[in-house]
Amino acid sequence: MSFWEYVSSRHEQLLTDTYQHASAVFQCMVIATLLGVFIGVVTYRSEWAGSLATTTTATILTIPSLAMIGLLIPIVGLGVAPTVIALTLYGLLPVVRNAIVGLRGVDPALVDAAKGIGMSRTARLLRVELPLAWPPILTGIRVATQMLMGIAAIAAFASGPGLGNEIFRGIASLGSANALNQVLAGTVGIAVLALLFDAAYVLIGRLTISRGIRA
């Protein structure tokens with residue numbers, strides 16, 4: 001059958017896999033963003049600590065995704081757990097790096113002015129530094145999300161959720177009638193999801209970044 005006939009006949013399963021894929025990436029990005037920004041806040045004032053945070057998260061990213069999930073399976077088992085842990089770890093580097101760069105790029109004069117009017121250190125961080133550092137942080141989140149969209153497909157190796165199941169089933173049945181359709185359906189689905197997520201981030205940027213900062 002043709003690709004579109006395959007999609008039509010399997011649309012319910014494809015929609016389920018697409019939802020699971022999007023949900024896994026979204027939830028892992030939320031965790032990675034919170035952890036990444038926290039690490040950035042803790043380390044950006046120290047050159048040594050910032051370098052250590054960036055180097056550590058970069059080292060994690062060099063581990064092949066299949067190897068990472070394979071190492072996690074004996075510890076946390078199959079399914080969702082190794083997927084969430086692996087995706088969260090892989091999503092840290094762009095967020096941590098951009099959080100550190102963004103916070104260090106805030107004009108010291110603005111921070112001194114906030115300090116001069118009596119703002120506490122926490123208030124300065126939340127009301128001055130983080131809002132000004134938000135554009136690069138958002139860019140890091142966008143980059144991390146695009147990476148995780150592809151990496152999440154490997155989760156099927158550990159019986160994880162998502163469109164990777166279509167790709168792995170197709171690869172496992174190469175030579176059969178619908179093998180190529182399965183691989184293509186999973187691949188196209190991931191690409192479409194990546195574009196939709198990126199469009200959502202563009203909208204979030206327009207809604208949360210003031211025109212003055214964008215300029």
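Helices (H or I, at least four residues) and strands (E, at least two) are taken as DSSP runs and numbered from the N terminus. The model is a predicted one, in which local features need pLDDT of at least 70 and side-chain atom pairs count only at pLDDT 80 or more, while totals for chains, interfaces and linings use all residues. Residues are numbered from 1 along each chain as its sequence is written, and side-chain values use heavy atoms, with hydrogens and water left out.

The protein chain contains 11 helices and 0 strands, which follow one another along the sequence in the pattern α-α-α-α-α-α-α-α-α-α-α. Along the principal axes, the C-alpha atoms fill a box of roughly 70 × 40 × 20 Å. Of the 215 residues, 43% are buried; here buried denotes under 20% relative accessible area, exposed over 50%, and partly exposed the range in between (1.4 Å probe, protein chains only). Among contacts (heavy atoms within 4.5 Å) with a separation of 6 or more, 75% join residues 24 or more positions apart.

The UniProt record (unreviewed entry) assigns "domain: ABC transmembrane type-1" to residues 18-201. UniProt positions are given in the numbering used here, with feature names shortened, and annotations may be inferred rather than shown by experiment. In the model, residues 18-201 are 82% helix and 0% strand, and the end C-alpha atoms of this span lie 19 Å apart. The unreviewed UniProt entry also places the feature "transmembrane region" at residues 24-44, 51-73, 143-163 and 183-204. Residues 24-44 are 95% helix and 0% strand, with end C-alpha atoms 29 Å apart. For residues 143-163, the helix content is 43% and the strand content 0%, and the end C-alpha atoms are separated by 20 Å.

Two packed helices are described by the angle between their axes and the distance between the axes. Helix H8 (residues 121-151) packs with helix H10 (residues 179-208) at an angle of about 170°, and the axes are 9 Å apart. Axes are lines fitted to C-alpha atoms, for helices over the stretch in contact, and angles run from 0 to 180 degrees between N-to-C directions. H8 and H10 are therefore roughly antiparallel, a class that covers angles over 145 degrees, whereas those under 35 count as roughly parallel, 65 to 115 as roughly perpendicular and the rest as oblique. From H8, the contact includes Trp134, Leu138, Ile141 and Arg142; from H10, the participants include Phe197, Asp198, Tyr201 and Val202. By class, the contact of H8 with H10 comprises 11 nonpolar, 5 polar and 2 charged residues, where Ala, Val, Leu, Ile, Met, Phe, Trp, Tyr, Cys and Pro count as nonpolar, Asp, Glu, Lys and Arg as charged, and the others, Gly among them, as polar.

The 30 residues of H10 should span 44 Å at 1.5 Å a residue, which agrees with the 44 Å between the end C-alpha atoms of the helix; the expected span is 1.5 Å times one less than the number of residues. Buried residues of H10 include Asn181, Gln182, Leu193, Phe197 and Tyr201.

Threonine 33 lies in helix H2 (residues 11-43) and is buried, at a relative accessible area of 17%. Beyond residues up to four places away in sequence, threonine 33 touches Val95 and Ile141. Ile141 also belongs to the part of H8 that meets H10.

Leucine 89, in helix H5 (residues 80-90), is partly exposed, with a relative accessible area of 26%. With residues up to four places away in sequence not counted, leucine 89 touches Ile60 and Met68. In the same helix, Pro82, Thr83, Ala86, Leu87, Thr88 and Tyr90 are buried. The buried residues of H5 pack against H2, helix H3 (47-62), helix H4 (65-76), helix H6 (92-104) and H8.

Proline 161 occupies the loop between H8 and H9 and counts as buried at 17% relative accessibility. Its contacts, not counting residues up to four places away in sequence, are Gln20, Ala24, Val80, Thr83, Ala152 and Ala155.

Arginine 10, in the loop between helix H1 (3-9) and H2, is partly exposed at a relative accessible area of 29%. Apart from neighbours within four places in sequence, arginine 10 is in contact with Glu166 and Arg169. Glu166 is buried in helix H9 (residues 164-172), as are Gly164, Asn165, Ile167 and Gly170. The cover over the buried residues of H9 includes H1, H2 and H10.
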